[in-house]
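The exercises below concern the protein shown here. Please examine the sequence and the structure before reading each worked solution.

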Amino acid sequence: MINNDRIVPVTRTDLLSLYAAMLTAASITITKLAATAPAEFDVKSAATALIADEPVKTLDIDATASSISSATIYFMAAEDFKGFSIDGTAIEFAEGSVDIVNGSGDLYKAVLATGAVTVTKVGL
């Protein structure tokens, strides 16, 4: 807390919008990634960094059809987070990735490079 005596609760915006505002303030260009079904995402373009607009259960990167070879995706894990896939095939995250805590409200950054996805936690 910056000031424990004068706490201002986040009541006017949701946590993902607050995260998006902070990324933008840090000069990170992001584009909203909308779910195709509740908590399910399909990445078909990765021109800029993406932020999932709701907690993620599954996320598929359409690498072959959309010619995506690299991507940066910011996301929060849903309570029932299952993981990522590339072209419909489930993947394990690359060595060095952090453990994802389902439903924690933490912001994560997934980076696709050379066919592997590495996940880091954003913030402290």
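**Exercise 1. Fold and dimensions**

Along the sequence, the elements of the protein occur in the order α-β-β-β-β-α-β-β-β-β-β. The model is a predicted one, in which local features need pLDDT of at least 70 and side-chain atom pairs count only at pLDDT 80 or more, while totals for chains, interfaces and linings use all residues. Residues are numbered from 1 along each chain as its sequence is written, and side-chain values use heavy atoms, with hydrogens and water left out.

Task: State how many helices and strands the protein has, and describe its dimensions.

Solution.
- Step 1. There are two helices and nine strands; helices (H or I, at least four residues) and strands (E, at least two) are DSSP runs, numbered from the N terminus.
- Step 2. The radius of gyration is 15 Å, close to the 14 Å that the globule rule gives for 124 residues, so the protein is as compact as a globular protein of that length. The radius is taken over C-alpha atoms, and the rule is 2.2 Å times the number of residues to the power 0.38.
- Step 3. The C-alpha trace spans about 50 × 30 × 25 Å along the principal axes of the protein.

**Exercise 2. The nonpolar cores**

Task: Determine which residues touch the most other members of the largest nonpolar core, and which strands supply it.

Solution.
- Step 1. A nonpolar core is a set of buried Ala, Val, Leu, Ile, Met, Phe, Trp, Tyr and Cys residues joined through side-chain atoms within 4.5 Å. Buried means under 20% relative accessible area, exposed over 50%, and partly exposed in between (1.4 Å probe, protein chains only).
- Step 2. The largest core has 23 residues, and V43, L59, I61, F75 and V117 touch the most other members.
- Step 3. At least two residues of this core come from each of strand 2 (40–43), strand 3 (49–52), strand 4 (58–61), strand 5 (70–75), strand 6 (83–86), strand 8 (108–113) and strand 9 (116–121).
- Step 4. Another core, of 10 residues, lies apart from it; Y19, A20, A49 and I51 are among its members.
- Step 5. Residues up to four places away in sequence aside, I61 touches V43, I68, I73, S85, I86, D87, L112 and V117; contact means heavy atoms within 4.5 Å.

**Exercise 3. Two loop residues**

Task: Explain what the backbone angle phi shows at D87 and at T114, and locate each residue.

Solution.
- Step 1. D87 lies in the loop between strand 6 and strand 7 (89–90). Although not a glycine, D87 has a positive phi of about 55 degrees, and this residue is partly exposed at 34% relative accessible area.
- Step 2. T114 belongs to the loop between strand 8 and strand 9. Its phi is also positive, about 50 degrees, although T114 is not a glycine; T114 counts as exposed, with 81% relative accessibility.

**Exercise 4. Two lysines**

Task: For K82 and K121, find which residues each one contacts beyond four places in sequence.

Solution.
- Step 1. K82 sits in the loop between strand 5 and strand 6 and is exposed, at 64% relative accessible area. Its contacts are K57 and T58. The C-alpha atoms of K82 and T58 are 5.7 Å apart, across 24 residues of sequence.
- Step 2. K121 lies in strand 9 and is partly exposed, at 37%. K121 contacts V98, D106, L107 and Y108, and its C-alpha atom is 8.8 Å from that of S97, 24 residues away along the chain.
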